[in-house]
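Please open the model in your viewer and switch to a cartoon display, so that strands and helices can be told apart. The tour below goes from one selection to the next.

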Amino acid sequence: MAADDKPCLEFMDMELDTSTSNVNGLKQEKQLSASQRRYYSFCRRKSFAAFVASKRHGSSSWCCCGQTFKEHSAIHKHVARTHDTEIQQLTQATYERLLSQLEEEPETQQLNKRESEPVDISVWIPEAGHISEEQLQNGPGKVLLYYHYCQLEDPHVICAWQKALCEKLHLTGKVRVATEGINGTVGGTDMATDHYIDAMCSHPLFKMDKEDFKTSDGGAECFTDLRVGVYKEIVPMGVDPDVISYQLAGVHLEPEEFHKEVEALLAEGDSCNDTILLDCRNFYESKIGQFTRCLAPDIRKFSYFPDYVDQNIKLFRDKKVLMYCTGGIRCERGSAYLRSKDVCKEVYQLKGGIHKYLERYPEGFYRGKLFVFDERYAISSNNDVISDCRYCSHPWDQYELCSTQFCCQLVLSCPGCRQNGHTACCPTCQTKGQAKSKASPAVLHHKEECECTGGRPRIPQDV
């Protein structure tokens, strides 16, 4: 899950005040009620998407202001910076049309909305009276990782249930809910996480099995807080699930089957040129751990994966592709996108991801650490160190956050180098940090650019 996503948790009050007297463009957005802000935000996203779509030229480029853009991010950035006024005007017009449609609804429909009974989420929360607060908050713990695709008619209700359930069990972590299903990672005591698994398995919509959950040593301390929200996708690939559905995913291979495929690939050595072992994760994940002889794209986030496939499509033509990721969810959408291109001979994915593979083969073909999206950063099943210190090049694979304020990059800096002051992700950030520590406090910009972000191509060319 993306760490900087900001879930909207004000979802229970769905009654909309259709008055437009307080609305006057984006400057007035903060004056709207929570319900109005949700609708206004929806209209802005819809208007932005429509504006970008109007600039499409052919199947893979956009033309605007005399410029041609080849990547989604480039045209989005251009429109955001150059056409904000037009987007505001489109948003306002779309929002007012939406209000008019709602005002014209038959009175009986409005009456039904007001009289409809809210869903009682308490029936989905198991009785825990026999468990003490001490057992829920103290003692050995673990971190759960799971996902489940299914159709959810009202993801906001599921979101409310998840928030109430996690708070009752004193769990921390991140849970994404969408109409296509649920994706989460939570930490707590063994008693609390076992109770959470029971609740998920007994819920009538999910019908999950205990085998669907990947576990590792940890607890509530592995996350800073609890974040539960409703999103368009349960894993952010940036492609509408209605366009590329998880139902188009590749063939799932059990860890034993996947192990045999990798074994056969390695046995053939360099003579095998019809199979690709593809890592669907980000570069900083594969940097500290990966399968032997894999293709690990140098991408910063999963939403870049579709562009990577598009720009390196020749790599996959007439190939058998074996895909893997941390827990399996990115392969669901990633393999579906790859299959939609209709160029591969076969597309397979590791069921349960690296997590399940390491449970079966801790000393198998996956070497190094497994990156995880919590305060631990990594877990391990073997002693291999496949990465180096950023500064002295000695073997090192324990990440720390860059010490420069507002830089969100991770850095591999060994204890010796850290003791010598090398705590930033790159020399540029190191210099910035030293300069700011000496200067008077000033207003700083978030997500500063540095060598790590500026020097890496957004989409690598691996053809």
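**A tour of one sheet**

In this predicted model, begin with an open sheet of four strands, whose order is S8-S12-S11-S9 and whose pairing is parallel. Strands of a sheet pair through backbone hydrogen bonds, and they may do so either parallel or antiparallel.

Select residues 251-253, which form strand S8, and then residues 275-279, which form strand S9; both stand at the edges with a single partner strand each, so one side of each has no neighbour in the sheet. If you look along the sheet, neighbouring strands are turned against each other by 25° on average, with direction ignored.

Return to S8 and add strand S12, residues 346-350, which runs parallel to S8 and is joined to it by three bridges. Here you can find Val251 opposite Tyr348 in S12.

Next, go to S9 and add S11, to which S9 is joined by five bridges in a parallel arrangement; in this pair, Leu278 stands opposite Met323.

Now select S11 alone, residues 320-324: is this strand enclosed or left open by the rest of the structure? Five of its five residues are buried, so S11 is largely enclosed. Both of its faces are covered, with Lys320, Leu322 and Tyr324 buried on one side and Val321 and Met323 buried on the other.

Finally, show S11 together with S12, which run parallel and are joined by four bridges, and look for Lys320 opposite Glu346 in S12. To follow the chain from S11 to S12, trace it through helix H12, residues 329-340, in a β-α-β crossover that is right-handed.

Technical notes. Residues numbered from 1 in each chain as written. Predicted model: local features only at pLDDT ≥ 70, side-chain atom pairs only at ≥ 80, totals over all residues. Heavy atoms only, no water. Pairing = 2+ DSSP bridges. Helix = DSSP H or I, 4+ residues; strand = E, 2+ residues; numbered from the N terminus. Axes fitted to C-alpha atoms, helices over the stretch in contact; angles between N-to-C directions. Buried < 20%, exposed > 50% of the residue type's maximum accessible area, 1.4 Å probe, protein only. Right-handed = clockwise from strand over helix to strand, strands pointing away.
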